[in-house]
Amino acid sequence: MTNTAPPTGTVSSYAFWADDGRALAEFYAAALGWQLTQEFPDENGVPTAFMITDGTTTYVFYTAAKFTAPNWPADELPFHLDLAFPDVAAAEQRLLALGATKPDHQPGGENWTVLLDPSGQPFCLSQPWTGA
């Protein structure tokens, strides 16, 4: 008899590369109201990975010596973050003050706003999703 039950797994963290992992971790921690909770050294003892969490979701930001931000919108993105805030306009202003920038290209119309994080990677702001 073979076991036909599907594997059960969970995503333990989401990982992002940047030219400065600590700076990007600090940006997203501030953006989300989370804390930088742990750092991980490379084989030489230099901290290169930085974890932030709210206790349920975890992001890890890695310092990558050869990191290059995507040339968006010319380059397609393999993935990006969508952040939801009840007051998108206020969140946009706060994130710009934290170091995000707003590109001219805004494909979301009234549905979402695209910003670039301090490493140059796009992310979107919108209202929280309601419904299916």
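The following exchange asks how several descriptions of this predicted model are justified.

Me: What makes β2 and β3 count as paired strands?
Reply: Two strands pair if at least two bridges are found between them, and six bridges join β2 to β3, which run antiparallel. The pairing criterion is therefore met. Within this pair, F40 stands opposite A49 in β3, and the two strands form a hairpin with five residues between them, where G45 in the turn has a positive phi of about 85 degrees.

Me: How do you know that β3 and β4 are paired, and in which sense?
Reply: Against the requirement of at least two bridges, β3 and β4 have five, in the antiparallel sense, so they count as a pair. I52 stands opposite Y59 in β4, and in the hairpin of these strands, which has four residues between them, G55 takes a positive phi near 100 degrees.

Me: Why is the pairing in the four-stranded sheet called mixed?
Reply: The open sheet has the order β1-β4-β3-β2. Five bridges join β1 to β4, residues 58-63, and these two strands run parallel, with T63 in β4 as the bridge partner of A18, whereas β3 and β4 pair in the antiparallel sense and β2 runs antiparallel to β3. With both senses present, the pairing is described as mixed.

Me: What makes β1 and β2 edge strands?
Reply: β1 (14-18) and β2 (35-41) each have a single partner strand, so one side of each is left without a neighbour in the sheet. From one strand to the next, the twist averages 25 degrees.

Me: How do you know which strands helix α1 touches?
Reply: Contact requires heavy atoms within 4.5 Å, and by that criterion helix α1, residues 21-32, touches β1, β2, β3 (47-53) and β4 as it packs on the sheet. The direction of α1 makes about 155 degrees with that of β4.

Me: Why is β3 called mostly covered?
Reply: A residue is buried when its relative accessible area is under 20%, and six of the seven residues of β3 are buried, so the description follows from that count. For the protein chain, 35% of the 132 residues count as buried.

Me: What makes up the surface that the protein chain exposes, and how many charged side chains does the chain have?
Reply: About 8600 Å² is exposed, with carbon and sulfur atoms supplying 53% of it. The chain has 4 positive and 15 negative side chains, and the centres of the two sets lie 4 Å apart.

Note on methods: Residues numbered from 1 in each chain as written. Predicted model: local features only at pLDDT ≥ 70, side-chain atom pairs only at ≥ 80, totals over all residues. Heavy atoms only, no water. Axes fitted to C-alpha atoms, helices over the stretch in contact; angles between N-to-C directions. Buried < 20%, exposed > 50% of the residue type's maximum accessible area, 1.4 Å probe, protein only. Areas by Shrake-Rupley, 256 points an atom, 1.4 Å probe, with all protein chains shown as cover. Lys, Arg positive; Asp, Glu negative; His and termini not counted. Charge placed at Lys NZ, Arg CZ, Asp CG, Glu CD.
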